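Student: Please bring up the model. I have some short questions about how its chains are put together.

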Amino acid sequence: MKGLHIHGVSHAYGNNKVLNNVSLTIPTGELVCLLGPSGCGKSTLLRLAAGLETLQCGTIVIDDQTVATKESSLAPEHRHIGLMFQDYALFPHLDIVANVCFGLIGMARDKARARALEMLDQVGMADYAKVYPHTLSGGQQQRIALARALAPEPKLLLLDEPFSGLDTNMRQMIREDTLNVLKQNGVATLMVTHDPEEAMFMADRIKILGRHGRVRQSGSPHDIYYKPNDEFVAGLFGLMNRLGGVVRDGAVETPLGRVGAGGIADGTAVQVLIRPEGIVLSGGNTGSNPGIPVSVSSTHLLGHSSIVSVSPDGNSGDEYFARVHREFSPELEDTIFASIEASDTFVFPLKEDTASAAPIGMAAE
Amino acid sequence: MALGAKRVSLGWLNAWTLGTVAIALIVTLPILAVGYVGLTPSDDIWSHLVSTVLPGYVWTTLQLMALVGVGTFIIGVGSAWVVSTCRFPGKRVFEWAMLLPMAMPAYIIAYVYTDILEYAGPVQAMLREFFGWTTKREYWFPEIRSLGGAASMMTLVLYPYVYLLSRAAFMEQSVCVLEASRVLGRGPWRSFFSVALPLARPAIVIGLSLVLMETLNDFGTVDFFAVGTFTLGIYDVWLNMNNIAGAAQLAGVLLLFVAFLVLSERFGRRKQKFHHTTSKYKALPGYQLTGARAVLATAGCALPVLLGFALPAAVLASYAAIHFDDAANAEVLRHAGNSLLLSTIAATIAVAIGIFMAYAVRLRGEAVLKVMVRLASLGYAVPGSVLAVGIMVSLGAFDNGVDAYMRETFGISTGLLLSGTIAAVTFGYLVRFLALSFGTVEASLGKITPSMDGASRSLGHGTFSTLRRIHLPLIRGSMLTAVMLVFVDCMKELPITVILRPFNFHTLATYVHQFASDEQLGEASLAALAIVGFGVLPVIALSIAISKARPGHGSNTEKEMS
């Protein structure tokens, strides 16, 4: 089968285990994102696939050719892969065309040049052919690096945090353009990122790596977001309300209301995670089940939404965060009610080992 | 699971590791040979040496080291402090001019000052004329050909090492602590002794270690002044007593001195890392000096430059003008040709090997490689005379071995293949100056981000192709600097050349040495001037690096150059 196959790869730097029995398959034309906090070994997997790091355990196969085992390894220059670095790594002493031509080995000069210009045209940089890299902006350098990596028609494209060097406004645009170019070229792509939103946007499938290089979950962006395997995966997408409880009669009683336990046995101590957008605030006179009365202690406008912190009435020690659209301006005299959205609420058995869970708050961002 | 034909081994069996190990072994061979011969009991020369000359060598060498150490410390640190923290007339010029004496080999200013200051020289003649003295007994005049004289000569040309390193250290600390010290109520002098000096100590230790290594290396000055140091002793025991084992034993003891210096230098470099809290240069406080203080600062900085460079260069130039004639010039040209040839070959090979080793370490980063590279760089600390003995011993063994083998197998005597050839001299230069080229290239390679390598490799270029198409173009400037540094040091080199050169073969340095030793400095002045001329090149390069590293430019090239 065409594409990339990684079987049972483990890797350690001294005593520090960064990859733990990771397996991965990317068919041609698919884009897989490795998502995880920094230091979890996702870049190491990329470097192993590229041949820049020596494989310690497992096998790596590209297009039916075994390129690395524990015993031997094919040098990076013979793997026919494209690799794009976080810092783009454009060669400063070569102009843009020469940079893109660099990988077109054994091709006639004018043919290579034509191919390079074709790639530059695809990324919208054809006008910059004779320019040197240092005169270009970050976004422009990113496009050149993409064109350079794709020019030799690699069997596999590896992207290492490809958008992290760009400012926020630029990022969205470049992401879209990059995705277009990748789909046009139909190459198997492995991308590494620590930004969940980016992974959701780009990936056909997402693979989540936790601490010590353990795979926590893999699946479509939809599965990852709506059916997280554990609190680590759920916690990747930003701020989380974490509540404790015990399952009784197939449900958990929380200060914000009853939550279905999803098949967890009665009597189990559980952790309930609710996304801020899963706490719905209302004026109280809208439905039959308005929820429980809460009081608002603070509100912060973030732009397209606001984060509101609320405490259940009579229990001001507990504080929960809710996300509402636009600016939140409650009529002060009105009672505010909070209810929970089931699709944004997750229940996991409380583990002995909670050390691997991400800390509460915005830690994943 | 079969891999393709282009399989890559993961072990140490590859061109880079094997090559580096081979280079390191070949380059350390002379040092090992000295140790081996020195430790092999041959005859009772050792006890003879111990009971006669050895204590004298030790004592003289220690005295010389102490005097040069103190001298270069005072001039080097003092001028560095004044130049980097005060504003006074000529400061901008002194920033680079303080380095000029570096261009002057110690033996050359020794010849010049002897010529000026000896009994028949112009200074004493003038004094006699002025005071009406007629004989030597009527007045006292310091004897230049003495331990003190040798120490003065070396101090005058070696202090720039201390100046360079301590100035860099002062510039770095200025931002973070000096102003804090002033704000906390300490005056300039107390700030200097309580803050600046302790912080600069690691850098100063490195500078002094380099100075003392050069002091041990010096042959021309101590030979001319007949100051009985180790270097001279080795030469003496070998050539005059014709005892190579004794020479090697002395060289072994000298290596102990060197080991101490290398350790203190390493210590300094290790400490230095902790002390660099910031890499940002900012405008220095700049105490404005006026009146007598300004005059004192200007004079204090001008004096070492005048005595260490301007005066001797002027004297040589005037001699060269007087003695200018075609016959002599033709001879000088011939020797200059030899010097250029040897230095160019040695510099080119040294830089090529330096690039090979630096790239090997970058590629593979194995612990073995790092040790090997460290070993291969040891030559910079080993005095030329010791290296020469080691090369003589190891090449002799090689030649004899080949000769014996060839006679046994083919009945042909090959005789001495390498001993006493320019190949031996070139090898000596390589061993001694490899560290210089390696260090320069390594620093420059270190500035290229590793993702460049990854990008090139993933685009289908192998290690050699990546080196040729990415790294070499990017480090071209530093490569040229490295070639120049090694080239100039080879031009100035004396002890290795004197001992290893073929019969009747001269370089500019040995030619100057021979004529000046016969008190015919006039005849040799053009050649000496040529050496000084070449010596100015690295000073210019350093000055440019320093002006780039000036506050506002933010780069740190100054330290890499040293």
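Tutor: What follows covers domains, the chain interface, a helix pair and the nonpolar cores.

Tutor: This is a predicted model, in which local features need pLDDT of at least 70, side-chain atom pairs count only at pLDDT 80 or more, and totals for chains, interfaces and linings use all residues. Residues are numbered from 1 along each chain as its sequence is written, with chains lettered from A and ligands numbered from 1 in the order in which they are written.

Student: What distance separates the centres of domain 1 of chain A and domain 2 of chain A?

Tutor: Chain A is divided into domain 1 (4–232) and domain 2 (239–349). Those bounds come from an automatic or database domain assignment. Taken over C-alpha atoms, the centres are separated by 40 Å.

Student: How many residues does each of these domains give to the contact?

Tutor: Two residues are in contact if their C-beta atoms, placed from the backbone, lie within 7 Å. On that basis, domain 1 of chain A gives four residues and domain 2 of chain A gives five residues.

Student: Which element gives the largest share of the side of chain B that touches chain A?

Tutor: Here 21 residues of chain B are in contact with 25 residues of chain A. Elements giving two or more residues on the chain B side are β1 (7–8), α17 (450–458) and α18 (463–474). Helices (H or I, at least four residues) and strands (E, at least two) are DSSP runs, numbered from the N terminus. The largest share, six residues, comes from α17(B).

Student: Which residues of α15(B) make the contact with α10(B)?

Tutor: The α10(B) side consists of B:Thr231, B:Ile234, B:Tyr235 and B:Trp238. Facing them from α15(B) are B:Ser385, B:Val386 and B:Val389.

Student: Where does the largest nonpolar core lie?

Tutor: A nonpolar core is a set of buried Ala, Val, Leu, Ile, Met, Phe, Trp, Tyr and Cys residues joined through C-beta atoms within 7 Å; buried means that 20 or more other C-beta atoms lie within 10 Å of a residue's own, with C-beta atoms placed from the backbone. Of the 169 residues in this core, B:Val389, B:Val486, B:Val512 and B:Ile531 touch the most other members. Helix α7 (residues 147–183) of chain B gives the most, 17 residues. Both domain 1 (35–313) and domain 2 (323–399 + 413–517) of chain B give residues to the core, so it lies between them.

Student: Which residues is B:Ile531 in contact with?

Tutor: Neighbours within four places in sequence are left aside. The contacts of B:Ile531 are then B:Pro105, B:Ile108, B:Met491, B:Lys492, B:Leu508, B:Ala509 and B:Val512.

Technical notes:
A residue is buried if 20 or more other C-beta atoms lie within 10 Å of its own, exposed if 12 or fewer, and partly exposed in between; C-beta atoms are placed from the backbone.
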